Amino acid sequence: MAKYNIVLLPGDGIGPEVVKEAVKVLQVIGDKYTISFNFTEALVGGAAIEETGDPLPKETLELCRTHKYILFGAVGGPKWEDLPRDKRPERAILDLRKKLELYANLRPAYLFPSLAHSSPLKEEILKNGIDILVVRELTGDIYFGEPRGREALEYGYKAIDTAVYTSREIERIARKAFEIAKKRRKKVTSVDKANVLETSRLWREVVTEVSKKYPQIELNHQYVDNCSMQLIKNPRQFDVILTGNMFGDILSDEASMLIGSIGLLPSASLGERDIAIYEPIHGSAPDIAGQKKANPIAAILSAGMMLKYSFDMPEAEEQIKKAVISTLEEGYRTPDILREGDLPVDTETMGSLIAEKIKTYK
Ligand code: NAD
């Protein structure tokens with residue numbers, strides 16, 4: 001029997017509520033595929049600050065290093081908002097990604113047909129669906145480049161940020177995107193600003209070079225300003241969008257808005273070794289925490305991504321997706337996606353409905 005150790009980092013607010021439902025679904029998958037998932041929970045974020053004074057205690061980091069597969073909820077909340085930036089709960093997720101060398105952020109934006117009305121786009125644009133995966137480089141670019149800072153001038157200040165990319169950093173994220181595209185619709189759109197930026201010119205050269213090893217994948221390049229328009233005009237043209245840290249930050253949020261609710265969107269952060277973090281893209285939602293209103297679908301789909309990318313079980317991920325689609329088609333909705341005539345359910349019921357559906361599949 002295959003055995004996997006999974007670290008659960010539920011965190012704060014709705015984090016623990018949605019992680020619980022994702023675990024419920026993983027347990028059903030474990031029984032079906034005779035896999036033993038061994039879950040170990042650890043402290044992170046505000047919950048960790050309360051117990052240890054540190055948003056990412058040493059023990060938690062060590063556990064993540066040894067167990068490798070991490071299911072993260074969300075961190076943060078009003079209680080810790082006044083702490084200095086490097087002591088706040090949100091520091092934990094940035095530090096985890098950095099210390100575990102997770103350089104590839106995968107953010108799928110998939111439109112559930114029965115929720116097409118929640119998309120701000122017109123029906124005629126949505127009729128062929130949206131199924132995009134943004135692959136964002138996570139450790140380089142203007143967010144980390146040196147020099148950075150602020151200097152006093154005779155009048156006012158000068159502030160500096162520096163965009164830096166090495167060919168090695170571009171090459172490894174490009175390889176990741178092409179490998180993933182092999183298992184999708186075999187198209188990569190690389191997004192840059194090569195008409196203006198030196199880093200983007202290097203980006204385009206390296207991506208083009210890497211693409212030669214993947215003749216079965218269609219590659220096209222788009223400038224970031226064009227891509228932001230195309231996402232709204234014709235999102236169906238995209239399969240995998242490959243891009244740097246800053247453009248990826250903005251475009252992945254734009255892509256997620258096309259889908260409707262933030263409670264539906266999963267993500268994965270991967271590295272060179274097989275350590276990976278899977279997490280919903282939403283935060284701890286203090287406004288609804290403890291009220292059983294949280295939509296657990298983003299967390300459940302994040303567990304699905306773990307099955308696909310860490311355990312090479314794409315068929316199990318497909319079963320989860322199919323169960324989510326079918327539950328939504330039957331009209332069950334948490335409050336964030338509820339409309340008149342729908343069947344209102346709470347967090348736990350939504351998780352159970354999805355889990356029970358999976359049990360009925362062959
Ligand atoms: P948020 O994502 O927590 O909430 C934004 C809005 O979306 C809220 O109205 C919330 O109720 C709703 N929402 C979010 N997830 C939902 C779900 N699963 N089901 C139903 N509704 C959902 O963003 P915010 O309000 O800007 O931030 C709240 C806290 O979370 C802050 O402390 C912020 O720093 C933190 N945060 C953490 C992460 C993370 O842990 N990765 C990400 C973003 C924000």
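Q: In this predicted model, what do the words buried, partly exposed and exposed stand for?
A: Buried means under 20% relative accessible area, exposed means over 50%, and partly exposed lies in between.

Q: Why is aspartate 249 called partly exposed?
A: The relative accessible area of aspartate 249 is 26%. Buried requires a value under 20% and exposed a value over 50%, so aspartate 249 counts as partly exposed. This residue belongs to helix α9, which spans residues 245-257.

Q: Which residues does aspartate 249 contact, leaving aside its neighbours within four places in sequence?
A: Aspartate 249 is in contact with Arg136 and Tyr143. The word contact applies to heavy atoms within 4.5 Å.

Q: Where does UniProt place the feature "binding site"?
A: The unreviewed UniProt entry places this feature at Asp225, Asp249 and Asp253. Of these residues, Asp249 and Asp253 are included in the lining of the largest pocket.

Q: What makes aspartate 225 partly exposed?
A: Aspartate 225 has a relative accessible area of 38%. Because partly exposed covers the values between the limits of 20% and 50%, aspartate 225 receives that description. Its place is in helix α8, residues 224-233.

Q: Why is strand β12 described as largely enclosed by the rest of the structure?
A: Strand β12 runs over residues 276-280, and 5 of its 5 residues are buried, so the strand is largely enclosed. Ala276, Tyr278 and Pro280 point one way, while Ile277 and Glu279 point the other way, and all are buried. In a regular strand the side chains alternate between the two faces of the sheet.

Q: How do you know that β3 and β12 pair?
A: Pairing requires at least two bridges between two strands. Strand β3 (residues 69-74) and β12 have 3 bridges, in the parallel sense. Tyrosine 69 has alanine 276 of β12 as its bridge partner.

Q: What joins strand β11 to β12?
A: Strand β11 (residues 266-271) is joined to β12 by 5 bridges, and the two run antiparallel. Alanine 268 stands opposite tyrosine 278 of β12. The two strands β11 and β12 form a hairpin, with 4 residues between them.

Q: Why does arginine 333 count as buried?
A: Its relative accessibility is 4%. Since buried means under 20%, arginine 333 counts as buried. Arginine 333 lies in strand β13, residues 332-333.

Q: What does arginine 333 touch, not counting residues up to four places away in sequence?
A: Among the residues touched by arginine 333 are Ser114, Leu115, Leu338, Asp342 and Met350. The side chain of arginine 333 also reaches the backbone oxygen of leucine 328 at 2.6 Å. A polar contact is defined for N or O atoms within 3.5 Å.

Q: What is notable about the phi of alanine 285?
A: Phi of alanine 285 is near 40°, a positive value in a residue other than glycine. Alanine 285 sits in the loop between β12 and α10 (297-309).

Q: Why is alanine 285 called partly exposed?
A: The relative accessible area of alanine 285 is 22%. Buried would need a value under 20%, and exposed a value over 50%, so alanine 285 is partly exposed.

Q: Where is glutamate 101 placed?
A: Glutamate 101 is in the loop between α4 (91-99) and β4 (102-110). This residue has a positive phi of about 55° although it is not a glycine.

Q: Which form does the peptide bond from glutamate 146 to proline 147 take, cis or trans?
A: That peptide bond is cis, with omega near 0°. Proline 147 lies in strand β6, residues 145-152.

Note on methods: Residues are numbered from 1 along each chain as its sequence is written. This is a predicted model: local features need pLDDT of at least 70, side-chain atom pairs count only at pLDDT 80 or more; totals for chains, interfaces and linings use all residues. Side-chain values use heavy atoms; hydrogens and water are left out. UniProt positions are given in the numbering used here, feature names are shortened, and annotations may be inferred rather than shown by experiment. On a 1 Å grid over the protein atoms alone, a cavity is a set of points where a 1.4 Å probe fits but cannot get out, and a pocket is an open set with protein on both sides within 12 Å along at least five of seven lines; lining residues have an atom within 4 Å of a point. Buried means under 20% relative accessible area, exposed over 50%, partly exposed in between (1.4 Å probe, protein chains only). A polar contact is a pair of N or O atoms within 3.5 Å; within protein, one must be able to donate a hydrogen and the other to accept it, and residues adjacent in sequence count only if both atoms are side-chain atoms.
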